[in-house]
Amino acid sequence: MVKPVIHVDQLTKTYVIPEREGGLKAALRSLVHRKWRDVKAVDHISFDIQPGEVVGFLGPNGAGKTTTLKMLSGLLHPTSGEVTVLGFVPQRRDKAYLKQITLVMGNRNQLQWDLPALDSFELNRAIYRIPTRQFRETRDEFIELLDLQDLVRKPVRNLSLGERMKVEIAASLLQRPQVLYLDEPTIGLDVTMQARIRSFIAEYNRRHDATVLLTSHYMADVEALCKRVIVIHHGHLLFDGSLADLVARFAAFKTIGVTLEDTSADLSRYGEIMSVDSDRVTLRVPKTETPRVTARLLADLPVMDLTVEEPLIEDVIRQVFAQEAPLEELPA
Amino acid sequence: MTAYFDVYRQLMKIGVMAEIQYRVSTYFYMIGMITEPVIYLVVWSTIARSHGGSVGGYTAGQFVAYYIVWTLVRNVNIVFTPYGWEDRIRTGQFSAMLLRPMHPIHWDLAFFAGTRIMSVIMWLPLAAILVIAFRPTISPTWTQVLVFFFAIWGAYLIRSFNQWMLGLVTFWTTRVGAVFQLYITAETLLSGRLVPLSLMPHWVQVLADFLPFQWTFQFPILALIGKLTTRQLFLGLAAQLGWILGGIFLLQLVWAACLRKYSAVGN
């Protein structure tokens, strides 16, 4: 059996947060009697990730995704539990480990703001001790793949958000890391730029067999890149499996699109009408009822066309986020 | 070692380029900074002249030399201030620094050294104006110049370590500004920044001997203006080395605890 690249076992992170009521009285009281509260950002989560896997790490804001990524990258010490990545314990911050990983945060800029990105690239070459030949090959490859020819010569502050993100990702991968932690890499970008970054990540994964753990609120990122998703909420692991399984398990409804010869027919008794677009009606039907409703529609009405579709992945994820209980307590 | 040389070279290059980007604001900042020693210079050289030519062993021309060299030393010993740490943590820059396979202090040491080199080049015309306007008494030997060269970088390193240690306090409290203010007050009084220490009361001079501040201002200045014997020059360099090694040792000692404390919530 292949040894997992990332091994997480009962990982927990608790923050101790000061708190007090509002108002002057409470402010004065807090001078002598300070109150603290434990907040479990990550609560006993476990998973393994195999070499070359691209895994979507999903959860609503405050679910514990970034905290987990920070523990995996060695920025935070876990309160309890065990983590190993590439055989290293991240919080020991071995240089050999740091050279093999990268953490890209969508809203962060690690490039030199006033200088062209080429200078930041050169700096990374020195910091990561990349052999000159390999550095030039990788740099030129990334410039071509991400279409950066003109961008890398402009001061970073003159780049748009999307352009900056492309350059940022290129800079973060120059050392050819084996493990990529990507935290919202496409946040705030237009769809074209998102697609470009997605295809670049997929290409990097293919060429270098890198392991990728990706968080994103854009389901298009997840659908395009991840066969497997891990869902956490309130620090608990809610789901770990394929995207198809997630949909099958949590999608309570399907949508049926019907085109009729007679547009005056009332379809409300077959399901919830979601939209009517000239002669086409879209119905929302409980998943278990779908075969029966479909059969009835075909039998009762002059149907010209009928399609049954899975719900949008966004809707499924929203439903998963509505769950509070951990995986084992949820109905299968 | 070669790898670190390469990193320092690249970072210094970036420091120089960054300073070039901000050349106008740097110049304005420098002009503002020079106001402080020029006031001291005028006051003390006037006092010296009115006291028959010298005060506390300094002639008017030596006071002028002291404060003109002061402007050079001050230009070189500017380092990353503790005020910047809070912003660095809040914006996530420190997380980015920690993810690199090198100690983050190397970044600050090398980058700021680069900015200082550029700053010194930009200081030269101002120094020329000060020399023409106030006519300092200064004729250093080659030994003094050589010792001065090492001493200003020694001052830079001591100040870097001091202020880094203060910056690390940010992990425990967001009130590091108050601590830093206290540090600056102590430095102003006990470093020779305000006046040469020989003009201060005896107990202040004794206190200053136990603290690092005089090695960040007064020692390099005195080295260049010819106020120290050869023995004092080399003992001074040795003292600077001692404070630098002490800084490295202390940083090693507390670094692991600092990393444990660092909890970049939402950064």
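This is a short talk on a predicted model with a chain A and a chain B, covering chain A, the interface and some salt bridges.

Okay, let's start with chain A by itself. Its secondary structure adds up to 11 helices and 13 strands. If you draw a box around the C-alpha atoms along the principal axes, you get roughly 75 × 60 × 50 Å. Chain A has 332 residues, and 50% of them are buried.

The domain assignment cuts chain A into domain 1, residues 6-244, and domain 2, residues 252-309. How far apart are the C-alpha centres of those two domains? They lie 43 Å apart.

One more number on the chain A fold. Take the contacts between residues at least 6 apart in sequence: 73% of those join residues that are at least 24 apart.

Now, the interface. Chain A puts 27 residues into the contact and chain B puts in 32. Together the two chains bury about 2,800 Å², with 61% of that on carbon and sulfur atoms. On the polar side, 6 residue pairs are in polar contact across the interface, counting pairs with both residues at pLDDT 80 or more.

Which parts of chain A supply at least two residues each to the side that touches chain B? Those are helix 2 (65-73), helix 3 (95-98), strand 5 (101-105) and helix 4 (117-127). Helix 4 gives the most, with 6 residues. Sort the chain A side by class and you find 12 nonpolar, 4 polar and 11 charged residues.

So how many salt bridges cross between chain A and chain B? Just 1 by the rule. The partners are D6(B) and R125(A), with N to O at 2.9 Å.

Let's stay on R125(A) for a minute. Back inside chain A, the R125(A) side chain also meets E122(A) in a salt bridge, 2.6 Å from N to O. Those two are 3 residues apart in helix 4, so about one helical turn separates them. R125(A) is buried, at 9% relative accessible area, while E122(A) comes out partly exposed at 23%. If you want the cut-off behind those words, buried means under 20%. Follow the connections along and you get a salt-bridge network linking E122(A), R125(A), D6(B) and R9(B).

Okay, the wider salt-bridge picture. Over all chains the rule counts 22. I'll pull out a couple more from chain A.

Here's one between loops: D114(A) with R157(A), closest N and O atoms 2.9 Å apart. D114(A) sits in the loop between strand 5 and helix 4, and R157(A) in the loop between helix 5 (132-145) and helix 6 (161-173), so this pair ties together parts that are 43 residues apart in sequence. D114(A) is buried, with 10% relative accessible area. R157(A), on the other hand, is partly exposed at 34%.

The other one is within a helix: E203(A) and R207(A), with the closest N and O atoms 2.8 Å apart. Both are in helix 7, residues 191-208, and being 4 residues apart they're separated by about one helical turn. R207(A) is partly exposed, at 40% relative accessible area.

If you open the structure after this, try R125(A) as a place to start: it is buried, and it belongs to the network that takes in D6(B) and R9(B).

How values were computed. Residues numbered from 1 in each chain as written. Chains lettered and ligands numbered in written order. Predicted model: local features only at pLDDT ≥ 70, side-chain atom pairs only at ≥ 80, totals over all residues. Heavy atoms only, no water. Contact = heavy atoms within 4.5 Å. Buried area = accessible area lost by both parts, 1.4 Å probe. Salt bridge = Lys/Arg side-chain N within 4 Å of Asp/Glu carboxyl O. Polar contact = N/O pair within 3.5 Å; in protein donor to acceptor, adjacent residues only side chain to side chain. Nonpolar A, V, L, I, M, F, W, Y, C, P; charged D, E, K, R; others polar. Domains from an automatic or database assignment. Buried < 20%, exposed > 50% of the residue type's maximum accessible area, 1.4 Å probe, protein only.
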